[in-house]
Amino acid sequence: MKPSCAPSSDSKRDAHNFAIGSDSFAPQNQLFLSYFFAWYRRHQSVDVRYAGVAMAAGFGTVALCLLIPQWLRLTGCIPSVMEITVAGIAGTLLATLLYRTLANERAKQAAATSLAGALLDANRECMSLIGLDGRLLRMSEYGACLIDADSPAQLTGAQWLSFWNDANSAAAATAFAGALAGHRTAFRGLSHTTAGRPKWWDSRLTPIKNNAGHVVAVVGASHDVTNQADLLAELQSKNELVSEMEAHMPLVFYTYSADFKSFHYVSAGCSKVFGIDPHELRHNPTAWLDLVLEEDLPSVRDEMHRIVSQSVEGRVEYRIRRADGSIRWLRSTGYPVRASDGTVLRIIGTAEDITGEQERITTLDKLAFTDSLTGLANRAALFREMEERCAARAPFGLMFVDLDRFKVLNDTLGHVAADRLLKGIGAVIKAALPPDAYVARLGGDEFAVLIGSIAEKAGLESLAQALLAELSRSGRNDGAGTFVTASIGISLYPEHGANHEALLTSADVAMYAAKKAGRNCFMFAGKEAAETIDDFALERDVPEALASNQFLLHYQTIHEPRTLSVHSTEALIRWKHPRRGLIPPGVFVPILEETGFIAEVGSWVLDNALSQLAQWRRHGACNLGMSVNVSARQLRGDGIVWEVDRALKKFGVPPAQLEIELTETALMENPDRAQKVIAALKSLGVRIAIDDFGTGYSTLKYLADFAPDTLKIDRSFTSKLVSDPATQSIVEGIIGLSRKLGIKVVAEGVEEQQQLDILRGVKCDFVQGFFLCRPQAPAHLERVLDLRVGEAAFSI
Ligand code: C2E
Ligand code: CA
Ligand code: CA
């Protein structure tokens, strides 16, 4: 049976357990051998062949003893009984002696063969018997297997020295020469097996000597240490790597006791990273902590204890001040090494110098959070700063500063000059505010300032005033003579929001409100500003409202006071907003006026009102009048005259049936212009009414100048008619005067019978109000008018 080639686990351990040329265990070997021979003989059965040989020798001796006297007798000498007895005893003794000697020799030989065989079998080395000429006489079975040979015979006769690689052949030759010289020798060498596998061997060469002490052969015992050598090489390269790393990298490897009282190991990098010798750290394990900056120390300690108490890995970044005074950023990591019961035995980890990384981060951070034009903090930086302040729950004020009419400046000055102006604004803002003010540019002409030292309204108010003054002064000082003003919205943390979004939105709304309030002023966030933002939202929705027909007209009838017959209707606009529902004109008409959309919407109103009137006229309401409200803004150009003319022609409505209502305040805005428009409209044949009469500051003189056809006495008079005799007198006076001027009077806002009675008494021409009819959708009004649209025509 072929022996197994599995490498012996003992091989690694045994590799160095022999001494070159040592005879130290020879006496033990002799003891071992004598014990073995004694034991072997006890178990050896008697060999019958030796007994036969011995007996034959004995008989031979006896026969000789007996034949010799016989021959002597023939020759005349007769052996006596005595002689015969002596011959018998001598033969027996000789036979016994011979037998014992032969058996002994044989047993020794058998024992030696058996022992050698057993030792070879037990040996996990490659055993070889080498002749004096260096040729292999024999190799052990196991050895042949180790070097991938089919059988020991395959290698017999090969030159033993040729097995070894060039690099080792000298060592092999030296060792062999030593053995030939009678010494035990050893060496480590690499050879390739017959299959070409490289293997490392620890070889011992032992000379075999004859009785005369001459070396007759050499026994080689080669131990396969390939695994060990590989491991060693790997370990060596790892060690080299670690040493290289330690030499070049700013890194420390350490093992710390779980109570942080001692270091088990600190790598050489410690000197590089901490500027502390590793040995010093072993004696004073907290020496590195003494270098940590005071403000970073708590987080370092917390993390260390967290690793142990929670048995988790940890990481902390902190700064140290080294002995040379330099500040370095370090990152330490720690991993708990646990016992089988889970308790933390020690901490292993690294400490790394990340100063370079931190510097790069700081540079990137600076780039990412700086406004490139002004060098101020940018929007992202402001958000971050605000979030930090909110997290710290420290009250602060936020000023949202927006330059007024910057677009105009940009267009007139050009981009280069406008950029220069923006650069200077940052400095102006900083100069006007306390040193702790955090100034950021949000983009375009928008700036934001955080003020922590003053976080109450009164203080911020005077700061805002100072800032506005400084800004307008800076404009005058500017070489270009640019007049710069700004609108400022102010919000307060925590009053106006708990995060940057809410605070910025409220400050933005307040800024917008400040713009609406006339610019070059400031406003605090709050209800007032919130209402403005609602308007702002509506403003944005107007184009969509026009496009998707969200506007509609309701109509309110105007009656003859006695018969209550319907004289005309007033078109009143509504906005059916998809989210906010039906919005009354008082809310959105001012926005339309401000944004200029009123022209477009006004034209839509005119078209729809006249189209409706034309329809009603077709159904019999031939004399019905239609009043359409026109706002002050619509009077600024000639467009309204052209529009009215166009609409009248388009719907075929007689001009006299259309009355244009202009509020008293609208006329007062630019009386000369109003007069001209009125004259032009009148030349079309259209009637003119002065709306809300009595609410403005017009004098009665204007009645003559504008020469309106109708006066609409404001609701505020009507409401006081019953309770206030003076109002009644005023109303009576207006009616009297108007009649003299040929002007009809309509009393608005009639809500009760008594008011109607009084108006009848003072001979008011027409009445309008909820008491008579609320503004209604056309379909409802058709029932009031008793019109059957699409059926029979009816004449009022
Ligand atoms: P206005 O021209 O004075 O219109 C009369 C307003 O008084 C209407 O309000 C009407 O609903 C309300 N009213 C009528 N009778 C009574 C009453 O007995 N009691 C009370 N409390 N109120 C009464 P509305 O419809 O909200 O319109 C408000 C204002 O919006 C109008 O005042 C007018 O100035 C303006 N407006 C309405 N439609 C248009 C339009 O198409 N163009 C323009 N430029 N302005 C319009
Ligand atoms: Ca009106
Ligand atoms: Ca009115």
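**Entry 1: cysteines**

I began with C622, which counts as partly exposed because its relative accessibility is 37%. I am working on a predicted model throughout. Next I looked up how many disulfides there are, and the count comes to 0. I kept in mind that a disulfide is a covalent bond between the sulfur atoms of two cysteines. C126 is in no disulfide, and its nearest cysteine sulfur, that of C145, lies 10 Å away. The cut-off for a pair is 2.5 Å. I also checked the surroundings of C126: its relative accessible area is 5%, so C126 is buried.

**Entry 2: a calcium site**

Which residues coordinate the calcium ion that is ligand 3? I found D691 and D692, each through OD, and E748, which is listed twice through OE. The distances run from 2.2 to 2.5 Å. Along the sequence, the donor residues of this ion follow the spacing D-D-x55-E. I then looked up how far the calcium ion (ligand 3) is from the calcium ion (ligand 2), and the two are 4.1 Å apart. D691 coordinates both ions.

The pair links distant parts of the chain. D691 belongs to strand β21, residues 687-693. E748 sits in the loop between β23 (744-747) and α26 (753-761), and 57 residues separate D691 from E748.

Are these two donors buried or exposed? D691 has 6% relative accessibility, so I noted D691 as buried. E748 comes out at 11%, so E748 counts as buried too.

**Entry 3: strand β13 and its partners**

I moved on to strand β13, residues 446-451. Of its 6 residues, 5 are buried, so β13 is largely enclosed by the rest of the structure.

Which strands pair with β13? One is β11 (residues 396-403), antiparallel over 6 bridges. In that region I saw D402 standing opposite E446 of β13. Another is β12 (residues 438-443), antiparallel over 5 bridges. Here G443 has E446 of β13 as its bridge partner. The hairpin of β12 and β13 has 2 residues between the strands, and in it G444 takes a positive phi near 50°.

**Entry 4: helices α13 and α14**

How do α13 (residues 406-413) and α14 (residues 415-432) cross? Their axes come within 6 Å and cross at roughly 130°. The two helices are therefore oblique to each other. I listed who makes the contact: F406, L409, N410 and L413 on the α13 side, with H415, A417, A418, L421 and L422 on the α14 side.

**Entry 5: a sheet with two helices on it**

My last stop was an open sheet of 5 strands, paired antiparallel in the order β7-β6-β10-β9-β8. The edge strands are β7 (263-266) and β8 (314-321), each of which pairs on one side only. From one strand to the next, the twist averages 20°.

I followed β8 to its neighbour β9 (residues 327-338), and they pair in the antiparallel sense over 8 bridges. R319 has W329 of β9 as its bridge partner.

Which helices pack on this sheet? Helix α10 (residues 297-310) does, touching β6 (251-257), β8, β9 and β10 (344-353). The direction of α10 makes about 150° with that of β8. Helix α11 (residues 355-368) packs on the sheet as well, with β8, β9 and β10 as the strands it touches. I noted about 120° between the direction of α11 and that of β9.

How values were computed: Residues numbered from 1 in each chain as written. Chains lettered and ligands numbered in written order. Predicted model: local features only at pLDDT ≥ 70, side-chain atom pairs only at ≥ 80, totals over all residues. Heavy atoms only, no water. Donors = N, O, S within 2.8 Å, 3.2 Å for Na, K, Ca; no water. Helix = DSSP H or I, 4+ residues; strand = E, 2+ residues; numbered from the N terminus. Buried < 20%, exposed > 50% of the residue type's maximum accessible area, 1.4 Å probe, protein only. Pairing = 2+ DSSP bridges. Axes fitted to C-alpha atoms, helices over the stretch in contact; angles between N-to-C directions. Parallel < 35°, antiparallel > 145°, perpendicular 65-115°, else oblique. Contact = heavy atoms within 4.5 Å.
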